Amino acid sequence: VQLQASGGGLVQPGGSLRLSCVASGHIASINLMGWYRQAPGKQRELVAHITRTGTINYADSMKGQFILSRDNAKSTVYLQMNSLKPEDTAVYYCHADISRTYVKGSYDYWGQGTQVTVSS
């Protein structure tokens with residue numbers, strides 16, 4: 001199983017970006033999928049995730065600013081980031097809890113991280 005993240009880059013304050021993360025491999029079910037971020041000198045923190053049944057949880061500080069969505073057919077989640085501020089600068093990591101085909105249990109997977117820089 002692999003998670004491939006894309007969509008990061010440099011954006012001016014107030015701008016928007018959309019991140020994408022595709023899960024691939026021998027996947028039986030995606031139990032949870034979403035995004036974390038890690039700013040320089042800080043711990044990794046949850047941005048948002050969506051459960052298999054479609055419940056979305058956001059970090060309190062990001063509600064209303066970020067929008068998580070999913071395309072089940074493509075095993076893809078999207079993070080629409082609006083009104084970006086310099087403090088949103090971080091490496092954004094895709095995360096998923098996935099059950100694999102013919103394998104018991106579920107496992108955590110991480111994407112490679114995509115840099116988002118908000119600066120004028």
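**View 1. The β7–β8 hairpin in this predicted model.** Here β7 and β8 make a hairpin, and 4 residues sit between the two strands. Look for serine 75 in the turn, where phi is positive at about 50°. The two strands run antiparallel, joined by 6 bridges. One pairing to pick out is leucine 68, whose bridge partner in β8 is leucine 79. For orientation, β7 covers residues 66-71, and β8 covers residues 76-81.

**View 2. Strand β8 and its other partner, β3.** Now follow β8 across to β3, which takes in residues 17-24. These strands also run antiparallel, with 6 bridges joining them. Leucine 79 turns up here too, standing opposite leucine 19. How much of β8 is covered? Most of the strand: 5 of its 6 residues are buried.

**View 3. Threonine 76, a residue of β8.** Is threonine 76 buried or exposed? Its relative accessibility is 4%, so threonine 76 counts as buried. The side chain of threonine 76 reaches back to lysine 74, meeting the backbone oxygen there at 2.8 Å. Setting aside neighbours within four places in sequence, threonine 76 is in contact with Cys21 and Val22, and also with Ser69, Arg70 and Asp71.

**View 4. Methionine 81, also in β8.** Methionine 81 has a relative accessible area of 0%, so this residue is buried. What does methionine 81 touch, once residues up to four places away in sequence are left out? Gly15, Ser16, Leu17 and Leu19 are among its contacts, as are Gln65, Phe66, Tyr92 and Val116. Take serine 16: 65 residues separate it from methionine 81 in sequence, yet the two C-alpha atoms are 5.4 Å apart in space.

**View 5. The largest nonpolar core.** This core has 30 residues, and those with the most contacts inside it are Leu3, Met33, Trp35, Leu79, Met81 and Tyr92. The elements giving two or more residues to the core are β1, β3, β4, β5, β7, β8, β9 and β11. Which strand gives the most? That would be β9, with 5 residues. If you zoom in on leucine 3, you'll find contacts that include Cys21, Val22, Met33, Cys94, His95 and Trp110, not counting residues up to four places away in sequence.

**View 6. Histidine 95 in strand β9.** The strand spans residues 90-100. Histidine 95 has 7% relative accessibility, so it counts as buried. Where does its side chain find a polar contact? The partner is the side chain of aspartate 108, at 3.0 Å. Apart from residues up to four places away in sequence, histidine 95 also touches others, including Leu3, Leu32, Met33, Gly34, Tyr36, Tyr109 and Trp110.

**View 7. Arginine 44 and two rings.** Start with tyrosine 93: the charged end of arginine 44 sits over its ring, 3.7 Å from the centre. Then turn to tryptophan 110, where arginine 44 lies over the face, at 4.7 Å from the ring centre. As for rings paired with other rings, the structure holds 1 aromatic pair.

**View 8. Tyrosine 58 in strand β6.** This strand covers residues 56-58. Tyrosine 58 has a relative accessible area of 22%, so it is partly exposed. A polar atom of its side chain lies 2.9 Å from the backbone nitrogen of leucine 68. Alanine 48 is 10 residues away from tyrosine 58 in sequence, and their C-alpha atoms are 4.2 Å apart in space. Besides Ala48 and Leu68, the contacts of tyrosine 58 include Val47, Lys63, Phe66 and Ile67, leaving aside neighbours within four places in sequence.

**View 9. Two loop residues with positive phi.** Most residues other than glycine have a negative phi. Serine 83 isn't a glycine, but has a positive phi of about 45°. You'll find serine 83 in the loop between β8 and β9, where its 47% relative accessibility makes it count as partly exposed. Tyrosine 102 isn't a glycine either, and its phi is positive at about 65°. Tyrosine 102 has its place in the loop between β9 and β10. Is tyrosine 102 buried or exposed? With a relative accessible area of 84%, tyrosine 102 is exposed.

Key: Residues numbered from 1 in each chain as written. Predicted model: local features only at pLDDT ≥ 70, side-chain atom pairs only at ≥ 80, totals over all residues. Heavy atoms only, no water. Phe/Tyr/Trp six-rings, centres within 6.5 Å; stacked < 30°, edge-to-face > 60°. Lys NZ or Arg CZ within 6 Å of the ring centre and 35° of its normal. Buried < 20%, exposed > 50% of the residue type's maximum accessible area, 1.4 Å probe, protein only. Pairing = 2+ DSSP bridges. Contact = heavy atoms within 4.5 Å. Polar contact = N/O pair within 3.5 Å; in protein donor to acceptor, adjacent residues only side chain to side chain. Core = buried A, V, L, I, M, F, W, Y, C linked by side-chain atoms within 4.5 Å.
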